[in-house]
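Biologist: Could you show me how to read the packing of helices in a model like this one?

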Amino acid sequence: MKAWEIGARSGIQGLRMSERAEPEIGAGELLVKVTAAGLNYRDLMVLRGDYGSDLPEDRIALSDGVGVVEAVGEEVSGFKVGDRVTAPHFLSWLDGPYNYGVFGADLGVTADGWLAEKIKLPATAAIAVPNGVDDQTAASLAVVAATVWHGMVAFADVEAGELVLAQGTGGVSIFALQLAKALGADFAITSSSDEKLARAKAMGADFTVNYRDRPDWAAALLEQTNGRGADVVVDTLGFPALEETVAATAVNGRIGTLGALSGTPQAQASASQGAIIGKNITIKGLASGSRAMMVAALDVVADHGICNPVDKEFTFADAPGAFRHLESGAHFGKILIRMD
């Protein structure tokens, strides 16, 4: 089969096409013919050498995907040839609390990912895709659905009528928008593009702020909401913007952070300490989510007809082009690779 390998982790230029044997499945495993795969920023970080250590050059890329079961190993129940399936990228985190061990079987990082003609999956991790969920949504859900459900529901226990905030218009934020509205919450979003904000508004966003026009975007949000801060924040910015994020958060607010934690965390935390304590804010780091969280999110997706917007599709042969589009930051929602 053909597969795209991460190579020497020198960036997108290191991504390489290979010919290799099909995966051989054993007891408890499924062989899946890949239909489509989705990109996340973590996949770009893997190529740059910024995510995961001591990875082999022949590791197959990508954490998100969907496919059709082609073969079923012994001792597998609940799946048959022809079923559409997806999986969480943490293959061993099925339910319960997080632990470091989940990184030992991380698709596209410590386990071969979806950017190949075929992939093998443990049946315990595989998830049957409901009939009402299309391939483009199923192929781009693993990271965003598990992470957003973890932050918005499992941690923050969002309630109808509360205000949820997400920053930017990438896949996590746009899924957060759709999930929040499905759960009856209000939603605020930031971007540097008025065009992207208009699209978010059309999808149901209640409040929008262009942070290029208003670098003090927290104050701009509070102006629009008559001083109401966000009850729940799906934080994609991390510590470099912590002070601004805290300023946008309401009393008793909950911040689930999954941003690139760069910059000077100690200085930012010190600057925000008074507001964090004064508002009784809870901050939780999010390392994606479990299979159970992804299943719960997928149920809402199916029940409410949620469709992940795809900014652009690429062919399997043009996988490097998909990564370059991700790197540009020009996308709204997800980037998809369709198998030829």
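Modeller: Let us begin with one pair: Ala142, Ala145, Ala146, Trp149, His150 and Ala154 in H3 meet Met293, Met294, Ala296, Ala297 and Val300 in H9, where contact means heavy atoms within 4.5 Å, and helices are DSSP runs (H or I, at least four residues) numbered from the N terminus. The model is predicted, so local features need pLDDT of at least 70 and side-chain atom pairs count only at pLDDT 80 or more, while totals for chains, interfaces and linings use all residues. Residues are numbered from 1 along each chain as its sequence is written, and side-chain values use heavy atoms, with hydrogens and water left out.

Biologist: How do the residues of the contact of H3 with H9 divide into nonpolar, polar and charged?

Modeller: That contact has 10 nonpolar residues, 1 polar and no charged, counting Ala, Val, Leu, Ile, Met, Phe, Trp, Tyr, Cys and Pro as nonpolar, Asp, Glu, Lys and Arg as charged, and the others, Gly among them, as polar.

Biologist: At what angle do the axes of H3 and helix H9 cross?

Modeller: Two packed helices are described by the angle between their axes and the distance between the axes. The axes of H3 and H9 (residues 291-304) cross at roughly 95° and come within 8 Å; axes are lines fitted to C-alpha atoms over the stretch in contact, and angles run from 0 to 180 degrees between N-to-C directions. H3 and H9 are therefore roughly perpendicular to each other, a term for 65 to 115 degrees, whereas under 35 is roughly parallel, over 145 roughly antiparallel and the rest oblique.

Biologist: How are H3 and H4 set to each other?

Modeller: The axes of H3 (residues 142-155) and H4 (residues 171-182) come within 9 Å and cross at roughly 60°, so the two helices are oblique to each other. Val144, Ala145, Val148, Trp149 and Met152 of H3 make the contact with Gly171, Val172, Phe175, Ala176, Leu179 and Ala180 of H4.

Biologist: Which residues in H1 meet H10?

Modeller: Tyr41, Asp43, Leu44, Leu47 and Arg48 do so, facing Phe323, Leu326 and Glu327 in H10, and this contact divides into 5 nonpolar, no polar and 3 charged residues. H1 (residues 41-48) and H10 (residues 319-328) pack at about 105° with axes 10 Å apart, and are therefore roughly perpendicular.
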